[in-house]
Amino acid sequence: SSAASDVYKRQALVLSFFGQDLIYLWTNDTSAVPSWLLLMTCNLWTLLLLIVRIFSMFLNGVNQFKGQALYGLFLPSIALVTGWLLSDSVSLVLSLFVMILIGEAIRILFMSIETKRLFSSFNVLKHTNGRDMDKVQ
């Protein structure tokens with residue numbers, strides 16, 4: 001697992017610094033090479049998606065699906081509509097950044113609130129069960 005993590009880190013670093021060159025070598029077409037800012041925006045998106053996956057695995061493991069389903073469908077839908085509306089008036093990078101902010105960053109905020117709420121309920125259960133055990137003994 002940590003070896004795979006190291007591989008992903010190296011890939012991200014290579015693509016961050018040499019992504020444009022690699023894309024040019026692969027396509028041999030300068031028009032296919034994205035700007036450095038677009039590559040960094042996509043790297044940010046990938047990082048945020050990784051965080052979403054971590055929260056999702058935890059929430060799935062404790063059988064909490066409703067919140068994820070609600071804002072997991074609602075926020076990306078709003079992001080797509082917003083990106084479409086912005087596409088004619090702002091740059092591609094700015095439009096993509098706004099979409100990422102709405103679709104992923106706000107989603108992470110909701111997931112972290114839900115996770116914190118769950119951890120608080122776990123602490124309440126732990127303390128309640130501890131008091132009940134004292135009464136039994």
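These are my notebook entries on a predicted model of a single protein chain.

**Entry 1: overall fold and confidence**

I began with the secondary structure, and I found four helices and zero strands in the protein chain, which reads as α-α-α-α along the sequence. I then looked up the confidence, where the mean pLDDT of the chain is 84 and 85% of its residues reach 70 or more. Residues 133–137 need caution, since their pLDDT is below 50 and this stretch has zero contacts in the model beyond near neighbours in sequence. I note that helix H4 is assigned to residues 92–136, and I keep the low values over residues 133–137 in mind when reading the end of that helix.

**Entry 2: burial and contacts over the chain**

I looked up how much of the chain is covered, and buried residues make up 23% of its 137 residues. The chain exposes about 10000 Å², of which carbon and sulfur atoms supply 70%. For contacts between residues at least 6 apart in sequence, I noted that 68% join residues at least 24 apart.

**Entry 3: helix H2**

I next took helix H2, which runs over residues 36–61, and compared its span with expectation: its 26 residues reach 38 Å from first C-alpha to last, close to the 38 Å expected at 1.5 Å a residue. I listed the buried residues of H2 as Leu38, Leu39, Thr41, Leu48, Val52, Phe55, Ser56 and Leu59. Several of these names come back in the contact lists of H4 residues, among them Leu48 and Val52 in the list of Glu104, and Phe55 and Leu59 in the list of Thr115.

**Entry 4: the largest nonpolar core**

Which residues touch the most other members of the largest nonpolar core? I found that, of its 13 residues, these are Leu59, Tyr71, Ile108 and Met111. H2, H3 and H4 each supply at least two residues of this core, and the largest share, six residues, comes from H4. I followed Ile108 further and, leaving aside its neighbours within four places in sequence, I found it in contact with Leu48, Ile51, Val52 and Phe55.

**Entry 5: Glu104 and Arg107**

I searched for salt bridges and the structure holds one, formed by Arg107 and Glu104, with the closest N and O atoms 3.4 Å apart. In general, side chains of opposite charge can pair when their charged atoms come close. Both residues sit in helix H4, and because they are three residues apart, they are separated by about one helical turn. As a general point, an α-helix has 3.6 residues a turn, so residues three or four places apart point the same way.

Are the two partners buried or exposed? With under 20% taken as buried, Arg107 counts as buried because its relative accessibility is 12%, and Glu104 counts as buried because its value is 8%. I also looked up what surrounds Glu104, and, not counting residues up to four places away in sequence, it touches Trp45, Leu48, Leu49, Val52 and Met99.

**Entry 6: Thr115 and Gly67**

Further along H4 I checked Thr115, which is buried because its relative accessible area is 7%. Not counting residues up to four places away in sequence, Thr115 touches Phe55, Phe58 and Leu59.

I then turned to Gly67, which is found in helix H3, and looked up its distance to Phe110: the two are 43 residues apart in sequence and 8.4 Å apart in space, C-alpha to C-alpha. Leaving aside neighbours within four places in sequence, Gly67 is in contact with Gly72 and Glu114.

**Entry 7: two asparagines with positive phi**

Last, I looked at backbone angles in the loops. Asn28, in the loop between helix H1 (2–27) and H2, has a phi near 55 degrees, a positive value in a residue other than glycine. Asn63 follows H2 and is found in the loop between H2 and helix H3 (66–86); its phi is also positive, at about 65 degrees, although it is not a glycine.

I checked the exposure of each, with over 50% taken as exposed. Asn28 counts as exposed because its relative accessibility is 57%, and Asn63 is exposed because its relative accessible area is 55%.

Methods:
Residues are numbered from 1 along each chain as its sequence is written. This is a predicted model: local features need pLDDT of at least 70, side-chain atom pairs count only at pLDDT 80 or more; totals for chains, interfaces and linings use all residues. Side-chain values use heavy atoms; hydrogens and water are left out. The expected span of a helix is 1.5 Å times one less than its number of residues. Buried means under 20% relative accessible area, exposed over 50%, partly exposed in between (1.4 Å probe, protein chains only). Contact means heavy atoms within 4.5 Å. A nonpolar core is a set of buried Ala, Val, Leu, Ile, Met, Phe, Trp, Tyr and Cys residues joined through side-chain atoms within 4.5 Å. A salt bridge is a side-chain nitrogen of Lys or Arg within 4 Å of a carboxyl oxygen of Asp or Glu. Accessible areas come from the Shrake-Rupley method with a 1.4 Å probe; for residues, only the protein chains shown count as cover. pLDDT is the predictor's confidence in each residue, from 0 to 100.
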